[in-house]
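Here is a quick tour of one protein model, meant to be read with the structure open beside it. We'll start with the cysteines, move on to helix packing and finish with some backbone oddities.

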Amino acid sequence: AKIMKILITGGAGFIGSHLVDCLIEKGHKVVVIDNLSTGRKENLHPLLLSKKHGATPLFFKKGGGKFYKLDILSPEISRIFKQEKPEVVFHLAAQINVRKSVENPFEDARINILGALNVLENCKKVGVKKIIFTSSGGAIYGDAQITPTPEHSSARCFSPYAVAKLTTEQYLNYYYQVFGLPFTSLRLANVYGPRQDPRGEAGVVAIFIDKLLKKNKPVIFGNGRQTRDFVFVYDVVDSFLRVLNQQNCNNAIYNVGTGIETSINRLWQLVSKKIGKEIKPIFEPSKINGELKRSCLSYAKIKKELGWKPKYNLEQGLEKTVNYFKSF
């Protein structure tokens with residue numbers, strides 16, 4: 001595979017930092033933009049951090065790159081695009097908290113729609129060859145008619161977060177149709193794994209592990225029978241790499257999930273078993289109107305077209321995740 005210059009927004013975040021590590025390992029030149037609002041400096045590959053903060057002047061022989069502490073809404077982004085001229089852009093930076101999007105739809109739209117537009121405009125200006133967008137399967141399909149849900153299912157957005165993700169996909173399509181900027185959108189299921197932030201609202205796996213290790217009771221909203229499709233972060237990164245290396249998946253939308261439903265109660269049992277602690281959770285009424293009852297994605301399309309399928313089952317993924325959290 002040829003060595004490319006790749007820009008990643010949100011590259012210090014949970015998923016983004018794993019992707020960055022993989023790309024650097026494969027010898028690519030990586031440019032990371034992250035405002036560190038939820039991303040963390042500790043997640044960044046050592047090659048990205050020089051003695052002084054800001055950009056590392058060197059690209060290393062084994063790949064490597066630069067880190068810019070910057071907001072995706074900043075006009076400064078155009079300077080970085082002009083200077084770096086990336087061939088491919090992965091857009092992961094986002095407001096990822098569904099509850100926050102419900103409480104403050106303006107802020108969610110500002111980051112997730114206007115931020116994406118800022119990135120797209122700059123991709124257009126410097127002639128980026130492709131943009132790969134991190135979208136959301138569960139949020140966009142809502143409580144779908146068909147489970148596991150295929151890509152052609154209609155959108156049923158029950159949160160501003162979902163609306164923003166779907167809107168960005170429409171913008172991607174517009175930039176492709178009008179300006180010829182190819183894109184791939186990956187609609188992820190519930191991603192979990194090492195580096196996920198247990199303080200966030202987004203990662204139930206990280207929250208459960210953190211609570212158990214600290215011997216605290218977790219809160220389960222609703223009756224715990226709601227289901228989610230949990231996909232391990234290494235599998236997600238593998239799907240990104242496949243899209244990067246395939247020429248024929250332009251202007252496509254793919255689900256990335258396991259096709260398996262797991263209830264929140266069952267997840268709690270599995271995590272408890274892995275850590276070897278029995279603690280009864282507290283049940284509270286659901287906080288969000290329109291909280292999904294069932295969510296599970298079909299990955300038939302990406303399997304057929306790109307040969308991707310999940311390699312880690314939930315047990316294996318939880319094992320790796322628990323070991324990571326225990327190491328602190």
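How far is the sulfur of C249 from the closest cysteine sulfur, and in which residue does that sulfur lie? The distance is 16 Å, the partner sits in C123, and that is too far for a bond. This is a predicted model, by the way, so treat what follows as computed from that prediction.

**Cysteines**

Searching the whole structure turns up zero disulfides. C123 is in no disulfide, and its nearest cysteine sulfur is that of C249, 16 Å off. A disulfide would need the two sulfur atoms within 2.5 Å. Both residues are tucked away: C123 is buried at a relative accessible area of 1%, and C249 is buried at 0%.

**Two helix pairs**

When helices pack, two values do the describing: the angle between the axes and the distance between them.

Take α1 (residues 14–25) and α8 (residues 233–245) to begin with. Their axes come within 10 Å and cross at roughly 55°, so the two helices are oblique to each other. The crossing is right-handed. On the α1 side the contact uses F14, I15, H18, L19, C22 and L23, while α8 brings V233, Y234, V236, V237, F240, L241 and L244. Sorted by type, the residues of this contact come out as twelve nonpolar, one polar and no charged.

Now for α4 (residues 105–126) and α6. Here the axes are 9 Å apart and the packing angle is about 20°, which means α4 runs roughly parallel to α6. This crossing is right-handed too. From α4 come P105, D108, N112, I113, A116, L117, L120, E121 and K124, and they meet P160, Y161, A164, T167, T168, Y171, L172, Y175 and F179 of α6. The residues in this contact split into twelve nonpolar, three polar and three charged.

**Backbone oddities**

Most residues other than glycine have a negative phi, and most peptide bonds are trans. A few spots in this model go the other way, and they are listed here with their loops.

| Site | Backbone value | Loop |
|---|---|---|
| T147 to P148 | cis, omega near -10° | P148: between α5 (137–141) and α6 (160–179) |
| R195 | phi near 80° | between β7 (190–192) and α7 (204–213) |
| K215 | phi near 60° | between α7 and β8 (219–221) |

Neither R195 nor K215 is a glycine, and phi is positive in each. K215 is also exposed, with a relative accessible area of 60%.

**Inside and outside**

Is S295 buried or exposed? At 6% relative accessibility, S295 counts as buried. S295 belongs to the loop between β13 (282–284) and α10 (300–306). Leaving aside residues up to four places away in sequence, S295 touches G138, T227, R228, D229 and E261.

Q170, by contrast, sits in helix α6 and counts as exposed at 53% relative accessibility. What separates the C-alpha atoms of Q170 and K309 in space? They are 26 Å apart, with the two positions 139 residues apart along the chain.

Conventions. Residues numbered from 1 in each chain as written. Predicted model: local features only at pLDDT ≥ 70, side-chain atom pairs only at ≥ 80, totals over all residues. Heavy atoms only, no water. Axes fitted to C-alpha atoms, helices over the stretch in contact; angles between N-to-C directions. Helix = DSSP H or I, 4+ residues; strand = E, 2+ residues; numbered from the N terminus. Parallel < 35°, antiparallel > 145°, perpendicular 65-115°, else oblique. Left-handed = near helix turned anticlockwise from the far one by under 90°. Contact = heavy atoms within 4.5 Å. Nonpolar A, V, L, I, M, F, W, Y, C, P; charged D, E, K, R; others polar. Buried < 20%, exposed > 50% of the residue type's maximum accessible area, 1.4 Å probe, protein only.
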